[in-house]
Amino acid sequence: MFTFRPVFHPVMTSVDHVPAGVSGTDRIERLYRERGDRIWRGLLAFSGDPEVASDAVAEAFAQVLRRGDEVRDPERWIWRAAFRIAAGELKNRGRNQVTVTEGSYEMEEPARDLVVALAELSERQRAAVVLHDAVGYPAREVARIVGSTEAAVRVHLMRGRRRLRGLLQENDDA
């Protein structure tokens with residue numbers, strides 16, 4: 001199984017600080033090394049399936065490489081594309097609800113409980129919570145990524161958080 005291993009350059013801490021003369025491919029490669037694991041973890045939390053997360057990340061990066069310089073903000077584009085790819089894959093598999101698969105990817109107990117609880121949310125609630133609370137996008141950007149309105153995202157966040165609190169509290173009580 002493929003694992004992301006971020007490599008941090010001591011001088012360049014963000015893809016926004018790419019020196020002149022660095023090609024778009026180099027910029028995307030740096031983005032992959034610096035942010036790929038975070039994108040994958042976000043997709044794992046969203047889909048509950050390491051294979052879906054890996055496939056969506058790989059496809060999103062492949063697509064942004066094909067598009068080249070026409071993508072103004074590759075990181076945001078990759079997040080949006082990867083979430084849409086993962087959602088499409090879950091839909092193609094005939095399930096909108098996530099099931100956490102047992103396998104070679106091991107998570108610590110609190111993380112596994114969170115992924116299991118996230119699986120109980122609707123797809124839109126799950127996407128809103130992961131993109132806003134775990135990744136840090138503002139509600140306006142989450143709305144653009146999931147193809148919704150900012151108001152709807154705020155409602156999904158409120159309901160998703162409330163449901164998560166209840167589910168995680170049930171796990172603690174059990």
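**Notebook: helices α3, α5 and α6, and a pocket**

I started with helix α3 (residues 74-92) and helix α6 (residues 139-146), which pack with their axes 9 Å apart at an angle of about 50 degrees. That angle makes α3 oblique to α6. I noted the handedness as well: α3 passes α6 in a right-handed crossing. The model I am reading is a predicted one.

Next I listed who makes this contact. From α3 I have Arg-76, Trp-79, Arg-80, Phe-83 and Arg-84, and from α6 I have Glu-141, Arg-144, Ile-145 and Val-146. Sorted by class, the contact of α3 with α6 holds five charged and four nonpolar residues, with no polar ones.

**Entry: α5 against α6**

I then looked up the axes of α5 and α6, which come within 10 Å and cross at roughly 135 degrees. I logged α5 as oblique to α6, because angles over 145 degrees are needed for roughly antiparallel. The crossing of α5 and α6 is right-handed.

On the α5 side I wrote down Arg-124, Ala-127, Ala-128, Leu-131 and His-132; they meet Ala-139, Val-142, Ile-145 and Val-146 in α6. The class count for the contact of α5 with α6 is seven nonpolar, one polar and one charged.

**Entry: α3 against α5**

For the remaining pair I found α3 and α5 packed at an angle of about 150 degrees, with their axes 12 Å apart. The two helices are therefore roughly antiparallel to each other. Here too I recorded a right-handed crossing, with α3 passing α5.

Which residues of α3 meet α5? I found Trp-79, Phe-83, Ala-87 and Leu-90 of α3 set against Glu-123, Arg-126, Ala-127, Val-130, Leu-131 and Val-135 of α5. By class, I have eight nonpolar, two charged and no polar residues in the contact of α3 with α5.

**Entry: the second largest pocket**

I turned to the second largest pocket, which holds about 160 Å³ of space. Which helices each supply at least two residues of its lining? I found that α3, α5 (123-135) and α6 do.

The lining consists of Phe-46, Phe-83, Arg-84, Ala-87, Glu-123, Arg-124, Ala-127, Ile-145 and Val-146. I split these by class into six nonpolar and three charged, with no polar residue.

I cross-checked some names against the helix contacts. Phe-83 lines the pocket, and I had already entered Phe-83 in the contact of α3 with α6 and in that of α3 with α5. Ala-127 is another lining residue; Ala-127 meets α6 and is also met by α3. From α6, Ile-145 and Val-146 line the pocket, take part in the contact with α3 and are met by α5.

How values were computed
Residues are numbered from 1 along each chain as its sequence is written. This is a predicted model: local features need pLDDT of at least 70, side-chain atom pairs count only at pLDDT 80 or more; totals for chains, interfaces and linings use all residues. Side-chain values use heavy atoms; hydrogens and water are left out. Axes are lines fitted to C-alpha atoms, for helices over the stretch in contact, and angles run from 0 to 180 degrees between N-to-C directions. Helices (H or I, at least four residues) and strands (E, at least two) are DSSP runs, numbered from the N terminus. Angles under 35 degrees count as roughly parallel, over 145 as roughly antiparallel, 65 to 115 as roughly perpendicular and the rest as oblique. A crossing is left-handed if the near helix is turned anticlockwise from the far one by less than a right angle, and right-handed if clockwise. Contact means heavy atoms within 4.5 Å. Ala, Val, Leu, Ile, Met, Phe, Trp, Tyr, Cys and Pro count as nonpolar, Asp, Glu, Lys and Arg as charged, and the others, Gly among them, as polar. On a 1 Å grid over the protein atoms alone, a cavity is a set of points where a 1.4 Å probe fits but cannot get out, and a pocket is an open set with protein on both sides within 12 Å along at least five of seven lines; lining residues have an atom within 4 Å of a point. Grid points are joined across faces, edges and corners, and a volume is the space filled by probe spheres set on the points.
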